[in-house]
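Dear colleague,

Please find below the structure I am handing over to you. A summary of what was found in it follows.

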Amino acid sequence: MNQEVKLGQLSRAESLPADAVAALETSIARRVGRAIKDFTMIDDGDRVMVAVSGGKDSWTLLHILRKLQKRAPVKFELIAVNIDQGYPGYRRDLIEAYLAREGYTYYMAHNPTYDIMQEKLEPGSTGCSLCSRLRRGTLYRLADELGASKIALGHHADDLLVTLLLSIFFRGEIRTMPPRLVSDDERHVVIRPLCYVYEDEIRRYAQAMGFPVVSCASPFCEDDSNMRPQMKRLLDQLERQYPRLKNSMLAALGKVNVTHLLDRRYLPLNGAGRRESPSS
Ligand code: SF4
């Protein structure tokens, strides 16, 4: 999840004109719908638990899923879930007030991890990775308790691209966050319906809609060892220099030519498979 600037409730007058907001919403909803279809994210009868941290991404996800729910060919339920991890100053009250006011079905969970973070955080490891792991465990437990068949997370296209860069640069592996992930014990399915939507669009949409964006308030995600913000800056800088670079990278994630990489598991080294052409 991304660290947010605490914006509070923005007035709609400060943001885009209504027709621009409607166009942006349509564009985002179309790509969320496409992602749901492409990766079979939601089935008839699903109870989708949306993890709402209070950041712009999760608000956008929740709002767009409710829009799609009204016209989707399949019937599914939505339940918003917020986990207060006990970081001092976290404004869960703003989140709950908005969920109640907007008529969402929701559940507010309190699962303090502040002490565990202090105790277990090792030098050199990032607060966000440990925090995410702890939160993932809580989400799985809540999904069981609430009877949720899918867990929807607000990761967007930029998150996927940054994860790809981190993986290549520092883990020697080509991978990213999957749009649909079945847990190791096969009891939970995590979905990322915003995987085709860029962060900048979400930021503009969240501002225009006046979502009550709150920060995670964790003191553990600001350390210098957290490479994610640095990769984000690099990606944004490259996009400014080469417009549509992110589009190309995202398209590349959906078009992997495994025989033109160095992974021996996918190469026809035993003589089987397609031969290389001289110009390859
Ligand atoms: S510390 Fe946790 S809640 Fe805060 S940004 Fe990192 S992962 Fe998200």
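L153 lies in the loop between β4 (150-152) and α6; helices (H or I, at least four residues) and strands (E, at least two) are DSSP runs, numbered from the N terminus. With 26 other C-beta atoms within 10 Å, L153 is buried. The terms are as follows: a residue is buried if 20 or more other C-beta atoms lie within 10 Å of its own, exposed if 12 or fewer, and partly exposed in between, with C-beta atoms placed from the backbone. Leaving aside neighbours within four places in sequence, L153 is in contact with A51, V190 and R192, where contact requires C-beta atoms, placed from the backbone, to lie within 7 Å. The C-alpha atoms of L153 and S53 are separated by 9.6 Å, although these residues are 100 apart along the chain.

Please note that this is a predicted model, in which local features need pLDDT of at least 70 and side-chain atom pairs count only at pLDDT 80 or more, while totals for chains, interfaces and linings use all residues. Residues are numbered from 1 along each chain as its sequence is written. The average pLDDT (the predictor's confidence in each residue, from 0 to 100) of the protein chain is 89, and 88% of the residues score at least 70. Over residues 1-13 the pLDDT is below 50, and this stretch has 26 contacts in the model beyond near neighbours in sequence. Where pLDDT is low, the predicted coordinates should not be read in detail.

The protein chain has nine helices and six strands, and 30% of its 280 residues are buried. Of the contacts between residues at least 6 apart in sequence, 79% join residues at least 24 apart.

The largest nonpolar core (a set of buried Ala, Val, Leu, Ile, Met, Phe, Trp, Tyr and Cys residues joined through C-beta atoms within 7 Å) has 47 residues, of which M49, V50, A51, I151 and A152 touch the most other members. Outside its neighbours within four places in sequence, A51 is in contact with S58, V81, L139, I151, A152 and L153. A second, separate core of seven residues includes C128, C131, A217 and C221.

Turning to helix packing, α1 (residues 18-38) and α2 (residues 56-71) pack at an angle of about 75°, with their axes 10 Å apart. Axes are lines fitted to C-alpha atoms, for helices over the stretch in contact, and angles run from 0 to 180 degrees between N-to-C directions. Helix α1 is therefore roughly perpendicular to α2, a label that covers angles of 65 to 115 degrees. I28, A29, V32 and G33 in α1 meet I64, K67 and L68 in α2.

Helix α6 (residues 157-171) and helix α9 (residues 245-253) also pack at about 75°, with axes 10 Å apart. A157, L160, L161 and L164 of α6 make this contact with K246, M249, L250 and L253 of α9.

In helix α7 (residues 199-209), the buried residues are E199, I202, Y205, A206 and A208, and they pack against α1, α2 and α6.

Finally, two loop residues have a positive phi although neither is a glycine: E186, at about 65°, and R244, at about 80°. E186 is found between β5 (180-182) and β6 (189-191) and counts as exposed, with 7 C-beta neighbours inside 10 Å. R244 lies between α8 (227-241) and α9 and is likewise exposed, with 9 C-beta neighbours inside 10 Å.

Yours sincerely

How values were computed:
Two residues are in contact if their C-beta atoms, placed from the backbone, lie within 7 Å. Angles under 35 degrees count as roughly parallel, over 145 as roughly antiparallel, 65 to 115 as roughly perpendicular and the rest as oblique.
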